[in-house]
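Please walk me through this protein, beginning with its strands and moving on to its helices and a pocket.

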Amino acid sequence: MNNIEEIRKLTPIGFDHGWNFCKTRHASFLSGLREITTEPALYDNVLEYGGKYYKIGTKRMEVRENKVSDDTFYLLTLAGIAMELRERGMTTARILLSAGLPLTRFGDEKDDFIRYLGQNRDVRFKFEQVEYHIFIERVSVYPQCYGAVIDRLHTFARKVVVVDIGSWTVDIMPIYDSSPDESACVTLPHGIITCIRQINKECVRQLNEEVDEYDIQQVMMHGSDDLPEEYRNIIEKQIREYCESIYHSIREQGFNMALTPIIFVGGGATVMKRFGNLSAGKISYIEDVRANAKGFELLAEIRLKEEQRRKAQ
């Protein structure tokens, strides 16, 4: 088989490893994993790997210093790959895995993340009792935020600021003439999880009780009439204050929000749209929570096409 055929047989899969949710092009699931010590009675969302069983998508994991300190994200990656291959009608594939990291930690963590995700080339596992056999041929890592907008850079004004509000971090990335200005990019530890923590801190202070994260997220994304008014009022007030803190962070970076087009992406884009209470003059939203994963996959496809072109010359 020649080199071009080898390249063409690679299957790109974009994967967004969030502390709250993991995403691929077609799947989104809670970043939770719990080992089951005996053979399970039910196999919904059960990963079988290395002789052990793991329930996927339970309570989300706690945020840690990095994503490579244990096997949690590796196992979540296998589960996500299975979900994605299932959507494509495949159980075996040679994969180009394409993932992302926060902008300002990209250089320091890239190599470790590549080694972590590619630690095993030939991998066999089961997900929901279906056997998968994959070959992780390569791992590519790109900056978060950039992936979410790669498919529409050509439509942007000469200057825009992309704000990616994730579960743990907020990436602020200015783009000039379709090119990110890395010298002005910042990553702040003020993602949605910090808002959830502040909400529960206030609920405990005022009502002496916490609220389940699921219920808070329902208010954030869809609104909710199921909660008592006193809880809903606290939640909505804290979300609005969180949105204002995001605007403050953007202004602190020297961007005039009345003059500069701002594009909110990531899981927090819908939160900003629902609770931001700001004139939409130069503000837009990419509410697809899988936008980064789709962008990482597109970047991998672009890379493969470029390799094909070079090999054909």
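Which residue in β7 does E35 stand opposite? The residue that E35 faces in β7 is Y54, and this pair offers a convenient place to enter the structure, which is a predicted model.

The pairing to which these residues belong is that of β5 with β7, where the two strands run in the antiparallel sense over four bridges. Strand β7 also pairs with β6, again in the antiparallel sense and over four bridges. Within that second pairing, Y49 of β6 has K52 as its bridge partner in β7, while L47 has Y54 as its partner in β7. Y54 thus appears in two places, since it stands opposite E35 and is also the bridge partner of L47. Between β6 and β7 the chain makes a hairpin with two residues between the strands, and there G50 takes a positive phi near 60°.

From β6 the path continues to β9, for these two strands pair in the antiparallel sense over two bridges. Here L47 is once more involved, with F127 as its bridge partner in β9, so that L47 has a partner in β7, namely Y54, as well as the one in β9.

These pairings are part of a wider arrangement, an open sheet of seven strands in the order β1-β8-β10-β9-β6-β7-β5, in which the pairing is mixed. At its edges lie β1, residues 10-14, and β5, residues 33-36, each of which pairs on one side only. Neighbouring strands of this sheet are turned by 40° against each other on average, with direction ignored. Helix α2, which spans residues 72-87, packs on the sheet and touches β1, β5, β6, β7, β8, β9 and β10, and its direction makes about 75° with that of β9. At the β1 edge, the pairing with β8, residues 92-101, is in the parallel sense and extends over five bridges; one of the residues involved is L10, whose bridge partner in β8 is R94.

A further open sheet has three strands in the order β2-β3-β4, and its pairing is antiparallel. Its edge strands are β2, residues 16-17, and β4, residues 28-30, each pairing on one side only. Strand β2 pairs with β3, residues 21-23, in the antiparallel sense over two bridges, and in this pairing H17 stands opposite C22. Helix α2 packs on this sheet too, touching β2, β3 and β4, and its direction makes about 145° with that of β4.

The next stop is a pair of helices. Two packed helices are described by the angle between their axes and the distance between the axes. The axes of α7, residues 229-252, and α8, residues 268-275, come within 10 Å and cross at roughly 105°, which means that α7 is roughly perpendicular to α8. On the α7 side the contact involves E236, I239, R240, C243, I246 and Y247, and these meet V271, M272 and F275 in α8. Sorted by class, this contact has seven nonpolar residues, no polar ones and two charged ones.

The last feature is a pocket. Rolling a probe the size of a water molecule over the atoms shows where empty space is left. In the second largest pocket, the space amounts to about 180 Å³. Its lining is made up of L103, T104, F106, G107, P143, Y146, M173, P180, E182 and C185, and by class that lining has seven nonpolar, two polar and one charged residues.

Technical notes
Residues are numbered from 1 along each chain as its sequence is written. This is a predicted model: local features need pLDDT of at least 70, side-chain atom pairs count only at pLDDT 80 or more; totals for chains, interfaces and linings use all residues. Side-chain values use heavy atoms; hydrogens and water are left out. Two strands pair if DSSP finds at least two bridges between them. Axes are lines fitted to C-alpha atoms, for helices over the stretch in contact, and angles run from 0 to 180 degrees between N-to-C directions. Contact means heavy atoms within 4.5 Å. On a 1 Å grid over the protein atoms alone, a cavity is a set of points where a 1.4 Å probe fits but cannot get out, and a pocket is an open set with protein on both sides within 12 Å along at least five of seven lines; lining residues have an atom within 4 Å of a point. Grid points are joined across faces, edges and corners, and a volume is the space filled by probe spheres set on the points. Ala, Val, Leu, Ile, Met, Phe, Trp, Tyr, Cys and Pro count as nonpolar, Asp, Glu, Lys and Arg as charged, and the others, Gly among them, as polar. Angles under 35 degrees count as roughly parallel, over 145 as roughly antiparallel, 65 to 115 as roughly perpendicular and the rest as oblique.
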